[in-house]
Amino acid sequence: MDTILDVFCHCLPPAFCRGVERLAERPLPMYQRACSIRVTVDLDERRRLMDSFPGYQQILSLVSPTIEAHTGPEKSRELARIGNDAMAEMVANEPERFPGFIASLPMNHPEGAQQEADRVVRNLHATGFQLYTNVLGAPLDAAPNLEIIEHLASLGRPIWLHPIRPPTMADYVTESASKLDLWWAFGWPYETSVAMMRLVCAGLFDRWPDLTIITHHCGGLIPLMEGRIEHGLDYAGHRNPPEAMSMVTREPPITGLRRFYADTASFGSRIPLEAARQFFGVERMLFASDMPFDPEEGPGFIRAGIRLLEEMSLTATERRAILADNARRLFGLPTSFKGQ
């Protein structure tokens, strides 16, 4: 039986939900939708679903939206702490089922974000950190966001990069909001790609070449745009004014982009998986389902992800690497699995 380690799936522990009820300053439709999916909030239902997939484990992370979207900096630190403590408790109670969790940070409180990062590593043994592709609209390569990322890099834990983009970001400048869910369908892969490129060009990997950043949804658009990135940037500076072309990285951007890792959360589509394998390589791919956001509200994308890997031209060793072995190596997890 092969172990299946799902590195990007989401939950809402009851303690965190109570914290949102007490601390949130505004209703958020994405959060409310997630709460309506039973497997997200009901741990018993989650266990039943997981038991239907032999050898299946999860690295836990909170559901979007971001901590800072819920509340201002005076309360975000408390909300992050509640969420991280709740996930750490789930891991402590059932380590064979949940071998790790990804901590969330109050990114609208830079000092608090760094202090919470120190706390979850020191006291809760967090597997890594979940960051989003922007912080309330500000890019990750802008101070103080980049300073937070550099602090995370110094702690030696992986970073998970999750896209975020609101419907208020219009498709065209003549409109006030996006239509047809395009802010999500096309906007989120674009967000992932832009954040990756901006971090590369800011020289993040020049300073931290061994930093592990796991990108959601097969690396966004990057694998599909290899030629456009590599050869199109030969003419960088001919399309934008010089002040828009600041690039401090010492290596070609395409080289820096290959330093990222990609998960397999492709919404059941094989094409993005094949593109990600060719661009990043099998050794930089990790299994993820994006549970519970499938039409079945839980099992659909787990089943589809396993099936796609079985259909691809992979050796048994390569398939095991993507399903669990790469994650075990990156996260320092045991190589054996005793089952639920």
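# Exercises on strand pairing and burial

Four bridges connect strand S4 (residues 128-132) with strand S7 (residues 159-162), and the two strands run parallel. The exercises below concern a predicted model.

**Exercise 1.** Determine which strands pair with S4, and place S4 in the order of its sheet.

*Solution.* Begin with the S7 side, where Phe129 has Ile159 in S7 as its bridge partner. Turn next to strand S3 (residues 100-104), which pairs with S4 in the parallel sense over three bridges; here Ile102 has Gly128 in S4 as its bridge partner. Both pairings fit into an open sheet of eight strands, whose order is S1-S2-S3-S4-S7-S8-S9-S10 and whose pairing is parallel. At the edges of this sheet stand strand S1 (4-11) and strand S10 (285-286), and because each has a single partner strand, one side of each is left without a neighbour in the sheet. As a last step, consider the cover of S4, of which five of its five residues are buried, so that the strand is mostly covered.

**Exercise 2.** Find the buried residues of helix H4 (residues 43-51), and establish how they are arranged around the axis and what covers them.

*Solution.* The buried residues of H4 are Arg46, Leu49 and Met50. They cover an arc of only 95° around the axis, and therefore lie on the same side of H4. Among the elements that cover these buried residues are S1, helix H3 (38-41), strand S2 (56-62) and helix H15 (300-311).

**Exercise 3.** Decide whether Glu116 is buried or exposed, and list the residues it touches beyond four places away in sequence.

*Solution.* Glu116 is located in helix H7 (residues 110-122). Its relative accessibility is 5%, and since buried means under 20% relative accessible area, Glu116 counts as buried. When residues up to four places away in sequence are not counted, Glu116 touches Ala80, Arg81, Asn84, Ser104, Leu105 and Pro106; of these, Ser104 belongs to the range given for strand S3 (residues 100-104).

**Exercise 4.** Classify Ile271 as buried or exposed, and identify the surface patch in which it takes part.

*Solution.* Ile271 has its place in helix H14 (residues 270-280). The relative accessibility of this residue is 63%, and because the cut-off for exposed is over 50%, Ile271 counts as exposed. Together with Leu224 and Met225, Ile271 forms a nonpolar patch on the surface, and the accessible area of the three residues together is about 310 Å².

Key. Residues are numbered from 1 along each chain as its sequence is written. This is a predicted model: local features need pLDDT of at least 70, side-chain atom pairs count only at pLDDT 80 or more; totals for chains, interfaces and linings use all residues. Side-chain values use heavy atoms; hydrogens and water are left out. Patches are made of residues with over 30% relative accessible area and no salt bridge: like charges are joined within 9 Å, nonpolar side chains (Val, Leu, Ile, Met, Phe, Trp, Tyr) within 5 Å. Accessible areas come from the Shrake-Rupley method with a 1.4 Å probe; for residues, only the protein chains shown count as cover. A salt bridge is a side-chain nitrogen of Lys or Arg within 4 Å of a carboxyl oxygen of Asp or Glu. Buried means under 20% relative accessible area, exposed over 50%, partly exposed in between (1.4 Å probe, protein chains only). Contact means heavy atoms within 4.5 Å. Two strands pair if DSSP finds at least two bridges between them. The arc is that of the directions from the helix axis to the C-beta atoms.
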